[in-house]
Structures are given as C-alpha cells and as structure tokens.
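This report is for a reader new to the structure. It goes through ring pairs, a helix packing and the cysteines.

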Amino acid sequence: MEAQLDARLASTFVDVVQRQADVHGDREAFSYIRDMSDGQITDSLSYRELDAQARVVAGWLTKQGGSSGDRVLLCFPPGLDFIVGFFGCLYAGMVAVPAPLPEGFSSAEDRVGKIVRDAGINLALSDADGAPRLERWIADRLGTTLPCGPVRAMDSALAASLTVPEISPDTLALLQYTSGSTSDPKGVMITHRNLLANMRLISGCADGGPDSRAFCWLPVIHDMGLIGQVLWMLFIGGCTTLTSPTEFLRRPYRWLQLLDELNADFSVAPNFAYDLCVRTVSEDKVPGLDLSRWRVTFNGAEPVQARSLAKFQEKFGPAGFRAETFLPCYGLAEATLLVTGTAADSRPVITTVDAEALARGEFVPLAAGDGPRELVRSGTVDRSRVRILDAGTGAPLPDARVGEVWVRGESVAQGYWGRPDLNAEVFDQSLDGETGFFRTGDLGVIHVGELYITGRLK
C-alpha cells in the first residue's frame, strides 16, 4: 500500500490537501467521464495540480478584495472545476457556498436567488463558460454586481501573490444549504473541525486508503456528494472518477459496468439508485457484469429499504455482487454528513418488526418474514453521541422505544447561518447535564446497541 496521510497531522482541510500533494504529488486524485457510453476520461487532476490550482483561485479571490470569512457562491456544471473552486475558497480562508447553476429550471433560479440573499454572498465562481453568464444573471435577476471568477482560466501568476491566511479548526469552511423542499433553504455552518471529525467517522466504517478507487455520480453541491465521495476520498488519498447524475440516470447499467472497467472498489449512492438498476438492467445484461471487486457502497441520504437491498443482491449476485458490499448509514447535513454507519465487509442487518407496535412507538422484533415491516440497521450507536428522546416531553427513552434522534460531537455543525431563533430551538440542546446536542427531527430506535431509523417527526 502507498504512503498514507496521518490524519492527526491535519488540523484543517487545507492541511489535508497540501499534505496529500506532498505525499502523492503527480498521482491522480480526480478524473471525469463526460459520456458514460464511451467511458473515456475527459479531465483529470493530480494532487499536486489540485493544490496549485486552488492557490490560483485563492489568489484571484483575494485580489478581488475578498477577505477571510467572505461567502463565495459556487455554481458549476458537472466536472472537476467545482473541486478546484471549493478548495480555492478554503485556501483563501473564505466560505464555500455550493449552489446549482441558475439555468434551465425556475426552481433552480429561485433557490440560487434565496441563497445569494441569505448568505450575503461577496464573490462567485464558475467555469470559464459559466462565469460571465452567472455574473449577468446575478446583475439582471438580483440587481447586484458580484465578480464571478472563471476557475481554471485564471492567470497562474495569481498564486505567487497569495498569502494563505491563518486558518484554524474552527474557521468556517462551508455553508451547506438544505434542500428547502418544505421551506426556504437554510445554510448549515460547517467548520474545518466538523469536516475532519466526519472524515474520521467515515473512516471508522470503511477502511479505505491510497489504494482505494471510487466511481461516483452524485451531485457535488449536496452533502453526500461533496463530503462522502469527494472530500473523504481525498482525505484517505484515494483516486476518484466522477460523472454527472444525468449520465447515471440515462445509463445505470454503465455505472455498474464502469465500476469494473475502472477497477473501482468504492461508491456512494442513495437507495433509489439500486432500485433503478434493478428495474432497468435487463436479465440478459447481468452476465456481462463483474461486480466482484466492488467492496463498499455507502447507502444513505434517504431511507434505506430492506426490499431494495434484497432485490439488488438477488439480481446482481450472479455477477459477483456481495451483500457485504452494502454499507447502510444514517446522517444529515447538520451533522456534516455521517452520524452512524455499519462496518465494511459485514452483511446488512435487517429486522422484521411488528408494524402495529411500531406505530405505538415500540420496537418488537418478529421472526424473519413474519411481518410486513422490515427495518435496516444503520450502525452501532456511540451513546455519548446518539440518544433517543420522547418527541413530546424531551425525556430520554430506553432501548426499544421509538423517539426523536438527538446527536452531538465534533461533527455537529455550528448552526444555521443567520437563524439565531431556530438555532436556539434545535442546536446546543442539553441532556443529563451534557450540552451540544442537535435535535434531528428524525425518529429512530436503539435495539441491541444498534440504530434503526423509522421515520420523520414532520
């Protein structure tokens, strides 16, 4: 195995990138496939190139008058430019604010407009084609002038003038905006300490390293795409090939096929992706797959369904897929990403429960197959970080009782940007003399030391 970064030596994610550039140099960190039908790599970044290009972006941001703590809007088409822009923000001590391109859909335009106003955006970044369009859109739609930098089309001399500001573990790195499906999007404040703590949690589930290769397609503006597939693979010094979500939706079979062709052993996807593969991949194509090298696929970001796991295993087991490859997990943006996850190379634990008892808030296991409700275990609980409370009274609940999941620890974010009243309701809650708990709004239960998610409060 190649040399690996000692995570204890990094106090910020800037340290991580710089040390990986020193350790791995010209070794590929990221590559990109624009068209999965031909599977050709159309772009790539080595660890050294990522470090150098991030410095250029940071130089541009400071030359525009930006300073530590300024919020920078990141609106990119699929590709690697976003990754360079993200780390450019961190190198400048500024706060990355990922958002969709305000093109094509009115919902995307509305979302970006709300984010710009809510975050008090100071600067913006896109790729060479998108930057001038983004600048015009902000001026026309929002009536304000924001410099928009063209990442990877900037003068490389800008890096020479950069003085990396003092960045501490508690420096704000990211505003991760929630989906806003039922309300205006809220910016979750994530520090370098939060990011690194979550990297360690993920590594505790999946023991990846510099020999690891991933092939992923999740949008990088979302927490699972950014943190689970980009930041974690960089943290462990692995190599990641990315493609767009649209490519996956068009060609789910090629995702499975390219995992083999790219010799990838890691991936990340929510539950619907496995259902889509089962529905759309015809039986005659299964013998053409070899999924035997696929070691870990994180399954999270939406409820993990026992039926989905079983159907995927049934269909693709003949192609070498192992049930142990599934790594069910639970997390949310307010905890940076991961809260709990199962151990790599272990079979998912599925428990049949009494549905009527569950509706009453009681977890009553049944013999496998004896009931209509099956729940998937989301990982072993560290009781210093995860507790279950009565949603009405706030009283702690014993095992086997369903209640609201409360979480704490270094991964829990600093709150929502500009929402002090809401923060007072859900962040830094006290329990049994301990502070720092976040009320997730998710319902769950602890059974034999394991967490099962059962629903949502709202």
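In this predicted model, 25 aromatic pairs are found. A pair of aromatic rings is described by the distance of the centres and the angle of the planes. Two of the pairs are set out in the table.

| Pair | Distance of ring centres | Angle of planes | Class |
|---|---|---|---|
| W255 and Y274 | 6.2 Å | 50° | tilted |
| W294 and F312 | 6.3 Å | 75° | edge-to-face |

The pair of W255 and Y274 counts as tilted because the planes of the two rings stand at 50°, and the class covers angles that are neither under 30 degrees nor over 60. W255 belongs to helix 9 (residues 252-261) and Y274 to helix 10 (residues 271-280), so that distant parts of the chain, 19 residues apart, are linked by this pair. W255 and Y274 are both buried.

For W294 and F312 the planes are at 75°, so this pair is edge-to-face. W294 sits in the loop between helix 10 and strand 12 (296-299), while F312 is part of helix 11 (residues 306-316); the pair therefore ties together parts 18 residues apart in sequence. W294 has a relative accessible area of 2% and is buried. F312 is buried too, with a value of 0%.

The four residues of the table also appear in one aromatic cluster, made up of W217, F248, W255, F272, Y274, W294, F312, F316, F321 and F326.

**Helix 6 and helix 7**

Two packed helices are described by the angle between their axes and the distance between the axes. Helix 6 (residues 192-205) packs with helix 7 (residues 223-235) at an angle of about 90°, and their axes are 10 Å apart. Helix 6 is therefore roughly perpendicular to helix 7. On the side of helix 6, the contact is made by L195, L196, N198, M199, I202 and S203. Helix 7 meets them with I227, L231, W232 and F235. Sorted by class, eight residues of this contact are nonpolar, two are polar and none is charged.

**Cysteines**

How many disulfides are counted? The count is zero. C205 is in no disulfide, and the nearest cysteine sulfur, that of C329, is 7.4 Å away. A disulfide needs the sulfur atoms within 2.5 Å. Seen from C329, the nearest cysteine sulfur is that of C205, at 7.4 Å. C205 is buried, with a relative accessible area of 11%. For C329 the relative accessible area is 12%, and this residue is buried as well.

Methods. Residues numbered from 1 in each chain as written. Predicted model: local features only at pLDDT ≥ 70, side-chain atom pairs only at ≥ 80, totals over all residues. Heavy atoms only, no water. Axes fitted to C-alpha atoms, helices over the stretch in contact; angles between N-to-C directions. Helix = DSSP H or I, 4+ residues; strand = E, 2+ residues; numbered from the N terminus. Parallel < 35°, antiparallel > 145°, perpendicular 65-115°, else oblique. Contact = heavy atoms within 4.5 Å. Nonpolar A, V, L, I, M, F, W, Y, C, P; charged D, E, K, R; others polar. Buried < 20%, exposed > 50% of the residue type's maximum accessible area, 1.4 Å probe, protein only. Phe/Tyr/Trp six-rings, centres within 6.5 Å; stacked < 30°, edge-to-face > 60°.
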